[in-house]
Amino acid sequence: MADLKILAVDDSPTMRRIIVNSLKKAGYSDITEACDGKDALAKMKVNNFDFVITDWNMPEMDGMTFVTNIRGSSDYKEVPILMVTTRSVKDDIVDAIKAGVNSYIVKPFTPDILKEKIEQVMANV
């Protein structure tokens with residue numbers, strides 16, 4: 001699993017650094033960062049990713065719109081998606097699952113929780 005090519009999408013450079021450091025601690029090294037959904041889609045057009053981690057609240061293109069674009073694309077619709085966000089209301093989680101995320105983490109999180117969620121998602125795809 002450690003050879004997954006992962007796209008980490010978050011508008012906060014600090015949060016991207018936390019996610020990247022957590023992924024590296026978990027043994028993942030092929031990580032690309034994007035600052036919002038629009039930037040992420042541009043990077044997906046020129047790279048193949050095995051896994052996407054995205055925030056919900058971002059400028060330009062939010063996480064839900066980004067997820068909807070991925071699931072509507074014939075090229076990326078099968079890519080596993082983990083949403084990592086501060087939105088903890090049950091209805092938000094349900095909406096994200098309906099939009100197509102494979103799993104969901106509410107911030108803050110530990111590196112162990114991130115690793116566990118990635119492994120759970122990859123075991124079910």
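User: Why is R87 called partly exposed?

Analyst: This is a predicted model, and in it R87 has a relative accessible area of 26%. Buried would need a value under 20%, and exposed one over 50%. R87 sits in between, so partly exposed is the right label.

User: And what makes D92 buried?

Analyst: The relative accessible area of D92 is 14%. That is under the 20% cut-off, so D92 counts as buried.

User: How do you know that the side chains of D92 and R87 meet in a salt bridge?

Analyst: Look at the N to O distance, which is 3.2 Å. The rule asks for a Lys or Arg nitrogen within 4 Å of an Asp or Glu carboxyl oxygen, so this pair passes. Elsewhere, D10, D55 and K107 are joined into one network by salt bridges that share partners. The structure has 6 salt bridges in total.

User: What makes E33 and R16 a salt bridge?

Analyst: Same kind of check: their side chains come to 3.0 Å, N to O, and the limit is 4 Å. This pair ties together distant parts of the chain, with E33 in strand β2 and R16 in helix α1, 17 residues apart.

User: Is R16 buried or exposed?

Analyst: Buried. R16 comes out at 13% relative accessible area, under the 20% line. Its partner E33 is at 34%, between the 20% and 50% cut-offs, so E33 is partly exposed.

User: Which salt bridge does K38 form?

Analyst: K38 pairs with E60, at 4.0 Å, N to O. Distant parts of the chain are linked here too: E60 is in the loop between β3 and α3, K38 in helix α2, 22 residues apart. Both E60 and K38 are exposed.

User: Now α3. Which of its residues are buried?

Analyst: G63, M64, F66, V67 and I70.

User: How do you know that they are on the same side of α3?

Analyst: Their arc around the axis is only 160 degrees, which puts them on one and the same side of the helix.

User: What do the buried residues of α3 pack against?

Analyst: Their partners are β1, α2, β3, β4 and α4.

User: Why is D62 said to cap α3?

Analyst: At the N-terminal end of the helix, a side-chain oxygen of D62 lies 3.1 Å from the backbone nitrogen of M64. A polar contact has to be within 3.5 Å, so the distance fits.

Terms used: Residues are numbered from 1 along each chain as its sequence is written. This is a predicted model: local features need pLDDT of at least 70, side-chain atom pairs count only at pLDDT 80 or more; totals for chains, interfaces and linings use all residues. Side-chain values use heavy atoms; hydrogens and water are left out. Helices (H or I, at least four residues) and strands (E, at least two) are DSSP runs, numbered from the N terminus. Buried means under 20% relative accessible area, exposed over 50%, partly exposed in between (1.4 Å probe, protein chains only). The arc is that of the directions from the helix axis to the C-beta atoms. Contact means heavy atoms within 4.5 Å. A polar contact is a pair of N or O atoms within 3.5 Å; within protein, one must be able to donate a hydrogen and the other to accept it, and residues adjacent in sequence count only if both atoms are side-chain atoms.
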